[in-house]
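Below are some points to keep beside the sequence and the coordinates as you read through them. They begin with how one chain is divided and then turn to the contacts.

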Number of protein chains: 2
Amino acid sequence: MTIAPVKHRVSHRDKVEATILGEAVRQFAECGYEGTSIATVAERAGLSKQNLMYYFPTKQALYQRVLDNVLDDWLARMASLADPGKDPGDVLRAYVRAKLTFSREQPLASRVYAMEVIGGAKLYADQIRRRVIPLLRADIAVFERWIAEGKIAPVNATHLLFAVWAMTQSYADFAAQMTLVLDREQLEPSDFDDAERLITGMVLAAVGLQENPCPP
Amino acid sequence: MTIAPVKHRVSHRDKVEATILGEAVRQFAECGYEGTSIATVAERAGLSKQNLMYYFPTKQALYQRVLDNVLDDWLARMASLADPGKDPGDVLRAYVRAKLTFSREQPLASRVYAMEVIGGAKLYADQIRRRVIPLLRADIAVFERWIAEGKIAPVNATHLLFAVWAMTQSYADFAAQMTLVLDREQLEPSDFDDAERLITGMVLAAVGLQENPCPP
DNA sequence: GTCTATAAAGTGATAGAC
DNA sequence: GTCTATCACTTTATAGAC
């Protein structure tokens, strides 16, 4: 009886799964869940589709793993950024920067998540409810505490978070349109710098934390 | 020889096409292009799939007509909103309001367009290049002229437009996630009022047009 | 002008070989 | 433990009937 080769730090299975997941995230980001065929994913990963289904028994299992990885990565970067004890300005700056960095470094992850939400989150609503919503609500609560303490101007905290989310996420999701406007092959680091400056400025001005040109 | 009944103001064909397009936009918004089957669209529209393909010879033709209608509606609402002669504050307020109204009244249209862009605009890039990009560039040029004339603070006009687009569009595209945060069945008119207030405030504060709480 | 039978290719999934 | 031949079904599209 042969025993599984546990001595390897990264098993053969782990390597194959990583290859599959890498292609899967690209395909799901382009075509969404229903639009992606496991045959295409398998072909680009260099496997037969039947072989892929040995590692991921169903298409849904593959999709959920992709989305799990997306959330893991995102949550690791955003975890407890909003600390009510820290300076509001610093927190807001860090928040915008972290979210923009994710859009720049993991645009495919962002797009898979966006596609799922736009389509109504039919396959992942439970996980969003469990892992994302509490985090967003906590961030909103921090904003509201700052307002109550008079540290920032009284704005609608919920919609402020929606705004930050929307502006930063769009640099991954709507990159195709932005590159057409900017007449570029792809978004450059300088574009993300410009975006960070503008978004940070807007947010800080909105909550009264930035010395802004006030009309006389 | 029978002649086509041109006397009818709305032909039988127009009515059937409208029914089909109504179901198609819903289906494309949920599942994207590849994820939508014309059989499903036909069934919900009360036709056989073969009959649907009499009116729209290919799936691509149906998809392009749906996207054409989306753009027609959107362009009609946004046409020449940015008039360099008008008051910048009024224009920005009207711009945000018009875009938010579209998100509220035509969320499915917004989502079909968003899905196409996120997937890389593989089937509609030409039309976006032709009909959308020039309009966005014109809006940016107006913002830049205001800056040159000293009417608004010197911000990055391109990214300001990206920000407005992102914030307003997200109330259609990310509605599924927003309703989870807000614990609602669907977004209410009051949510759009709150959104309009916050977004307008952010934009006007960013360009120095709103008397904002300045730190002492 | 409107609708239907049929085809040709592709889908996710399983049972079983190495 | 890893991989493949095969299946039952759905996809878009066409050729042709009413």
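1. This is a predicted model, and the division of chain A is a sensible place to begin: the domain assignment splits the chain into domain 1, residues 11-57, and domain 2, residues 65-206. The centres of these two domains of chain A, taken over C-alpha atoms, are 28 Å apart.

2. Where the two domains of chain A meet, 9 residues of domain 1 are in contact with 10 residues of domain 2. The side of domain 1 that touches domain 2 in chain A is made up of 7 nonpolar residues, 1 polar residue and 1 charged residue.

3. For the DNA, please look next at strand C, which is surrounded by 16 residues, the closest being S37(A), T58(A), K59(A), Q50(B) and Y54(B). At least two residues of this surface come from each of α2 (38-45) and α3 (49-55) of chain A and from each of α1 (12-35) and α3 (49-55) of chain B. By class, the residues near DNA strand C are 5 nonpolar, 8 polar and 3 charged.

4. DNA strand D has 18 residues around it, and here the closest are Q50(A), Y54(A), S37(B), T58(B) and K59(B). The elements that each give at least two residues to the surface near strand D are α1 (12-35) and α3 of chain A, together with α2 (38-45) and α3 of chain B. That surface divides into 7 nonpolar, 8 polar and 3 charged residues.

5. The contact between the chains takes 53 residues from chain B and 53 residues from chain A. On the side of chain B that touches chain A, at least two residues are supplied by each of α1, α6, α7 (125-148), α8 (157-173), α9 (175-182) and α10 (189-206) of chain B, and the largest share, 9 residues, comes from α8(B). This side of chain B holds 33 nonpolar, 12 polar and 8 charged residues.

6. Helix α6 of chain B, residues 107-118, deserves a separate look: its 12 residues reach 16 Å from the first C-alpha to the last, close to the 16 Å expected at 1.5 Å a residue. Because 10 of its 12 residues are buried, α6(B) is largely enclosed by the rest of the structure. Among the buried residues of α6(B) are R111(B) and E116(B), as well as V112(B), Y113(B), M115(B) and I118(B). After α6(B) comes G120(B), which has a positive phi, near 100°.

Conventions:
Residues are numbered from 1 along each chain as its sequence is written. Chains are lettered from A and ligands numbered from 1 in the order in which they are written. This is a predicted model: local features need pLDDT of at least 70, side-chain atom pairs count only at pLDDT 80 or more; totals for chains, interfaces and linings use all residues. A residue is near a molecule or strand if its C-beta atom, placed from the backbone, lies within 6 Å of it. Helices (H or I, at least four residues) and strands (E, at least two) are DSSP runs, numbered from the N terminus. Ala, Val, Leu, Ile, Met, Phe, Trp, Tyr, Cys and Pro count as nonpolar, Asp, Glu, Lys and Arg as charged, and the others, Gly among them, as polar. The expected span of a helix is 1.5 Å times one less than its number of residues. A residue is buried if 20 or more other C-beta atoms lie within 10 Å of its own, exposed if 12 or fewer, and partly exposed in between; C-beta atoms are placed from the backbone. Two residues are in contact if their C-beta atoms, placed from the backbone, lie within 7 Å. Domain bounds come from an automatic or database domain assignment.
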